[in-house]
Amino acid sequence: MQRAAKCALRRDLSRAFCPSSVRNCRAVKRVNSSVLCRRYSVLPPPRDEEEKAMLDSMLRVDHAGEYGANRIYAGQMAVLGRTQTGPLIQYMWDQEKMHLERFNEILGEHRVRPTLLLPLWNIAGFALGACTALLGKEGSMACTVAVEDSISEHYNSQIRTLIEADPERYTELLQLIKEFRDDEIEHHDTGLEHDAESVPGYLILKTVIQVGCKAAIYISQRI
């Protein structure tokens, strides 16, 4: 399946709300997951301790980000799972589950320690998702926009770093990050399409969430 066709199909599916469409979403997601989660060696053998430290830090923070995103969607589903918005949130959460599963595999394969703050991100992520969902669909979508904008910006920064370093050496890792970055952008756009900006205090809420995301990224790279 061509990349443009896959992206267009995922975009169409993310707009669907009826249960039958959600079943179709999940069916297509399973196909996409089999493509994106194929097993291959993502990291080249590190040349030295400096390169290993750089890659370990990248993987550690990416894993933490996907873990946090999963907990946010879990919190949203706890509040809105039985509403009309539930299937849409579940669709995005399913993609995040796939991201996290892949990073779990990579960390295990390359013996990279996850951040020590996972218990904190567990609680904070769920609380953020649940609290914003209490504001209704618009609140949950505003949270999604803020978080996914931060994550996609972070992935873009990593892509630039790897391209500047050696794009051929990091081909597989670049491919993986770009695929996941595109999913985050899709979630961001989906949030905007579903009235994120209509929640009262949208800009303040978005700013506060993004400050928290940047702090979490900074800390997770180092601890």
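A search of the whole structure, which is a predicted model, finds zero disulfides. Cys131 takes part in no disulfide, and the nearest cysteine sulfur, that of Cys143, lies 9.8 Å away. Cys143 is likewise in no disulfide; in its case the nearest cysteine sulfur belongs to Cys213, at 7.6 Å. Since a disulfide calls for a pair of cysteine sulfur atoms within 2.5 Å, the 9.8 Å from Cys131 to the sulfur of Cys143 does not qualify, and neither does the 7.6 Å from Cys143 to the sulfur of Cys213. Cys143 also counts as buried, because its relative accessibility is 0%, where the limit for that label is under 20%.

Turning to the overall fold, the secondary structure of the protein chain consists of eight helices and zero strands. Followed along the sequence, the pattern reads α-α-α-α-α-α-α-α. Of the 223 residues in the protein chain, 51% are buried. The accessible surface of the chain amounts to about 10,800 Å², and carbon and sulfur atoms hold 58% of that area. Contacts reach well along the sequence: among those in the chain with a separation of 6 or more, 83% join residues 24 or more positions apart.

Helix α5 offers a handy check on helix geometry. This helix runs over residues 118–133 and has 16 residues, so at 1.5 Å a residue it should span 22 Å; the C-alpha atoms at its ends are 22 Å apart, in agreement with that expectation. The expected figure takes 1.5 Å times one less than the number of residues. Within α5, the buried residues are Leu118, Trp121, Gly125, Gly129, Ala130, Thr132 and Ala133. The cover over these buried residues includes helices α3 (49–80), α6 (137–165) and α8.

Helix α8 itself spans residues 202–222 and contains Val211. Val211 counts as exposed, because its relative accessibility is 53% and the label applies over 50%. The C-alpha atom of Val211 is 9.9 Å from that of Val147, although the two positions lie 64 residues apart along the chain.

The annotated positions come next. An unreviewed UniProt entry lists Glu66, Glu96, His99 and Glu184 under "binding site". These four residues span 119 residues in sequence, yet no two of their C-alpha atoms are more than 10.3 Å apart, so they gather at one spot. From this set, Glu66 belongs to the lining of the largest pocket. The unreviewed entry also places a "binding site" feature at Glu96, Glu148, Glu184 and His187. Here the span is 92 residues in sequence, and no two C-alpha atoms are more than 10.9 Å apart, so this set gathers at one spot as well. Glu96 and Glu184 appear in the first listing and again in the second.

How do the individual annotated residues sit in the model? Glu96 is part of helix α4, which covers residues 86–109, and it is buried, with 0% relative accessibility. Beyond its neighbours within four places in sequence, Glu96 is in contact with Glu66, Ala69, Asn70, Tyr73, Glu148, Glu184 and His187. Helix α4 is also the place of His99, which is buried at 0% relative accessibility. With residues up to four places away in sequence not counted, His99 touches Glu66, Phe180, Asp183 and Glu184.

Glu184 is found in helix α7, residues 171–193, and is buried, with a relative accessible area of 0%. Apart from neighbours within four places in sequence, the contacts of Glu184 are Glu66, Glu96, His99, Glu148, Ile151, Ser152 and Tyr155. Read together, the contact lists tie the annotated positions to one another: Glu66 is a partner of Glu96, of His99 and of Glu184. Glu148 in turn is in contact with Glu96 and with Glu184, while His187 is among the contacts of Glu96.

Key:
Residues numbered from 1 in each chain as written. Predicted model: local features only at pLDDT ≥ 70, side-chain atom pairs only at ≥ 80, totals over all residues. Heavy atoms only, no water. UniProt positions renumbered as here; feature names shortened; annotations may be inferred. 1 Å grid on protein atoms, 1.4 Å probe; cavity = no way out; pocket = protein on both sides within 12 Å on 5 of 7 lines; lining within 4 Å. Helix = DSSP H or I, 4+ residues; strand = E, 2+ residues; numbered from the N terminus. Buried < 20%, exposed > 50% of the residue type's maximum accessible area, 1.4 Å probe, protein only. Contact = heavy atoms within 4.5 Å. Areas by Shrake-Rupley, 256 points an atom, 1.4 Å probe, with all protein chains shown as cover.
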